[in-house]
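User: I would like to learn how to read a few structural features in a model, one at a time. Could you take me through them, with the general idea stated before the case at hand?

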Amino acid sequence: MTITSLNLKTIELKSFIPTKDFQISLAFYTALGFEILWQDDQLCLFGLGNTKFFLQHFYNQELAENTMLHLHVENADDWHNHIQTLNLCKTFDCKVTTPEDREWKMRDFILIDPSGVLWRIGHNI
């Protein structure tokens, strides 16, 4: 039997993102434009449109620096300009690259958050 033949359907997948400093990461993702949907002292659920993820008060350097997420957006250049306008990487210890057209038919850039988590933000071309 396959999942399709069993008529099993999925609704959503949320990732858990580690944080080196929970409060700094809360401020970073809020400044980026994500909305806090729920929070306690160990976990925060962020959302923006159809995108949701959990920020966790947990840090392991190897895990954080090997966590990679892909945020599919309507326009990567607009997102890059948004980040530049916010001076996000001057306020927070983060890194951002310049948008580029990729061979896999996407235009994207990389944003590395204050904990070392890599976000690839892009749109189809």
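**Reading contacts, pairings and bonds**

Analyst: Leaving aside residues up to four places away in sequence, Ser 25 touches Thr 19, Leu 55 and Ser 115. Please keep in mind throughout that this is a predicted model.

User: In which helix is Ser 25 found, and is Ser 25 buried or exposed?

Analyst: Ser 25 is found in helix α1, which covers residues 22-32. The relative accessible area of Ser 25 is 0%, so this residue counts as buried, the cut-off being under 20%. The side chain of Ser 25 also has a polar partner, since a polar contact of 3.5 Å joins it to the side chain of Ser 115, a residue that appears among its contacts as well.

User: Leu 55 was also among those contacts; which residue does Leu 55 in β4 stand opposite, and how should I read such strand pairings?

Analyst: As a general idea, the side chains in a regular strand alternate between the two faces of the sheet. In this model, Ile 17 stands opposite Leu 55 in β4, and the pairing concerned is that of strand β1 (residues 15-18) with strand β4 (residues 51-56), which run parallel and are joined by 4 bridges. Strand β4 also pairs with β3 (residues 43-48), and here the two strands run antiparallel, with 6 bridges between them. Within that antiparallel pair, Leu 48 stands opposite Thr 51 in β4.

User: How many residues lie between the strands in the hairpin of β3 and β4?

Analyst: There are 2 residues between the strands of this hairpin, and Gly 49 takes a positive phi near 60 degrees there.

User: Which cysteines does a disulfide join here, and why is Cys 44 too far for a bond?

Analyst: The general idea is that a disulfide is a covalent bond between the sulfur atoms of two cysteines. The count for this model comes to 1 disulfide, and it joins Cys 89 to Cys 94 with an S to S distance of 2.3 Å. The link of Cys 89 and Cys 94 is left-handed, with -110 degrees about the S-S bond. The two ends fall into separate burial classes, for Cys 89 counts as partly exposed at 27% relative accessibility, whereas Cys 94 is buried at 9%. As for Cys 44, its sulfur is 18 Å from the closest cysteine sulfur, which belongs to Cys 94, and is therefore too far for a bond; Cys 44 is itself buried, with a relative accessible area of 0%.

User: How many salt bridges does a search of the whole structure find, and how should I read them?

Analyst: The search finds 7 salt bridges, and a pair qualifies because a side-chain nitrogen of Lys or Arg lies within 4 Å of a carboxyl oxygen of Asp or Glu. One of them links Lys 14 with Glu 12, whose closest N and O atoms are 3.0 Å apart; Lys 14 is partly exposed at 29% relative accessibility, and Glu 12 is partly exposed at 39%. Asp 101 and Arg 107 meet in another, at 2.9 Å from N to O.

User: Which residues are linked in a network of salt bridges?

Analyst: The network links Glu 100, Arg 102, Asp 108 and Arg 120. Within it, Glu 100 forms a salt bridge with Arg 102, the closest N and O atoms being 3.5 Å apart. Glu 100 is partly exposed, with a relative accessible area of 40%, while Arg 102 counts as buried at 19%.

Notes:
Residues numbered from 1 in each chain as written. Predicted model: local features only at pLDDT ≥ 70, side-chain atom pairs only at ≥ 80, totals over all residues. Heavy atoms only, no water. Buried < 20%, exposed > 50% of the residue type's maximum accessible area, 1.4 Å probe, protein only. Pairing = 2+ DSSP bridges. Disulfide = S-S within 2.5 Å. Polar contact = N/O pair within 3.5 Å; in protein donor to acceptor, adjacent residues only side chain to side chain. Contact = heavy atoms within 4.5 Å.
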